[in-house]
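Please read the following note beside the sequence and the model. The points concern overall form first and the nonpolar cores afterwards.

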Amino acid sequence: MKHIVKILTLVMAITALWVGLLQTSMIPRSHTWLLPIYFVVSLGCYGLLMVGVGLMNFPTCPQEALLLQKDIGEAKEYLKQKGVDISPS
Amino acid sequence: MDGQHQKPKNKYSIIVPTYNERLNIGLIVYLIFKHLGDVDFEIIVVDDGSPDGTQDVVKQLQQVYGEDRILLRARPRKLGLGTAYIHGMKHASGNFVVIMDADLSHHPKYLPSFIRKQLETGADIVTGTRYVKGGGVHGWNLMRKLTSRGANVLAQTLLWPGVSDLTGSFRLYRKSVLEDIISCCVSKGYVFQMEMIVRASRKGYHIEEVPITFVDRVFGSSKLGGSEIVEYLKGLAYLLVTT
């Protein structure tokens with residue numbers, strides 16, 4: 001099944017649930033009408049929250065840049081010894 | 001690896017596509033040999049006709065390390081990343097293929113952890129991830145981080161791919177698996193990496209992750225432009241309807 005079909009099925013199931021709620025009037029209609037808006041807003045909030053949390057906990061590795069510089073120095077030294085010319089042409 | 005265990009007879013073909021990487025290819029080859037001492041491997045450099053003499057450096061490296069360890073499989077001009085992998089794979093004699101960038105943003109010191117993970121789990125694909133503990137990125141500004149996080153959340157929400165880092169390109173593939181998925185991937189650039197892993201995931205291949213760190217291009221300029229975001233969104237939509 002294509003992924004879009006999966007998502008559409010999910011959306012349809014939720015819609016069906018909502019229509020069901022509207023029909024049975026289990027909760028006051030005025031509330032039920034607003035549910036889709038709540039849903040979209042909470043989806044947006046979830047997205048923003050995830051981006052925010054991800055941004056705050058973004059793993060960085062400044063020490064890796066230093067280690068890499070060391071490795072580069074070592075590699076250059078070795079290649080020079082072996083007579084490999086890697087300097088910009 | 002300790003001597004008690006019988007070492008499986010695996011061979012790893014490391015495909016490195018290059019374009020104007022004269023300096024970096026020398027450094028990366030040295031580092032690969034340094035970190036993969038006791039592993040059977042070969043390096044396949046797919047150079048797209050670099051004008052800076054990348055191929056001359058590779059030939060010199062062949063003199064040092066041996067022509068059977070470093071294979072130069074050049075192409076006449078820039079022909080794209082996807083076809084570079086296919087081209088490299090045609091000449092690969094290993095049963096596993098590693099794909100990595102030549103610009104040193106992928107450090108060869110992580111290669112042993114890819115191999116170990118594969119041996120432990122029997123995975124078809126081991127992909128490097130920057131977004132878990134032990135991984136990380138260096139040299140990105142806030143905007144780049146924001147874009148990256150946004151893109152990631154969007155993809156995770158829409159595609160449910162089951163891997164945390166979709167656009168990373170430091171990966172180890174079982175050769176047969178790579179051959180299988182690469183033939184149906186048509187995207188370019190970042191999206192190509194995403195398409196590969198999503199298609200592999202949909203086909204039910206066993207995918208494992210290892211943390212890697214990513215130090216943005218030390219030499220040379222980074223290749224991220226503004227239109228990349230549009231391309232990314234297009235790619236996301238494409239994957240939604242085709243996978």
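**Note on chain B**

1. With 243 residues, chain B has a radius of gyration of 17 Å, which agrees with the value near 18 Å that a compact globule would have; the radius is taken over C-alpha atoms, and the globule rule is 2.2 Å times the number of residues to the power 0.38. This is a predicted model, in which local features need pLDDT of at least 70 and side-chain atom pairs count only at pLDDT 80 or more, while totals for chains, interfaces and linings use all residues. Residues are numbered from 1 along each chain as its sequence is written, and side-chain values use heavy atoms, with hydrogens and water left out.

2. Of the 243 residues in chain B, 56% are buried (under 20% relative accessible area, 1.4 Å probe, protein chains only). Among contacts (heavy atoms within 4.5 Å) between residues at least 6 apart in sequence, 81% join residues at least 24 apart.

3. The largest nonpolar core (buried Ala, Val, Leu, Ile, Met, Phe, Trp, Tyr and Cys residues joined through side-chain atoms within 4.5 Å) has 46 residues, of which Ile14(B), Val29(B) and Ile32(B) touch the most other members. Its largest share, nine residues, comes from helix 1 of chain B (helices are DSSP runs of H or I, at least four residues, numbered from the N terminus).

4. Leaving aside residues up to four places away in sequence, Ile32(B) touches Ile14(B), Phe41(B), Ile43(B), Met100(B), Pro108(B) and Leu111(B). A second, separate core of 35 residues includes Ile7(A), Leu159(B), Val191(B) and Met196(B).

How values were computed
Chains are lettered from A and ligands numbered from 1 in the order in which they are written. Buried means under 20% relative accessible area, exposed over 50%, partly exposed in between (1.4 Å probe, protein chains only). Helices (H or I, at least four residues) and strands (E, at least two) are DSSP runs, numbered from the N terminus.
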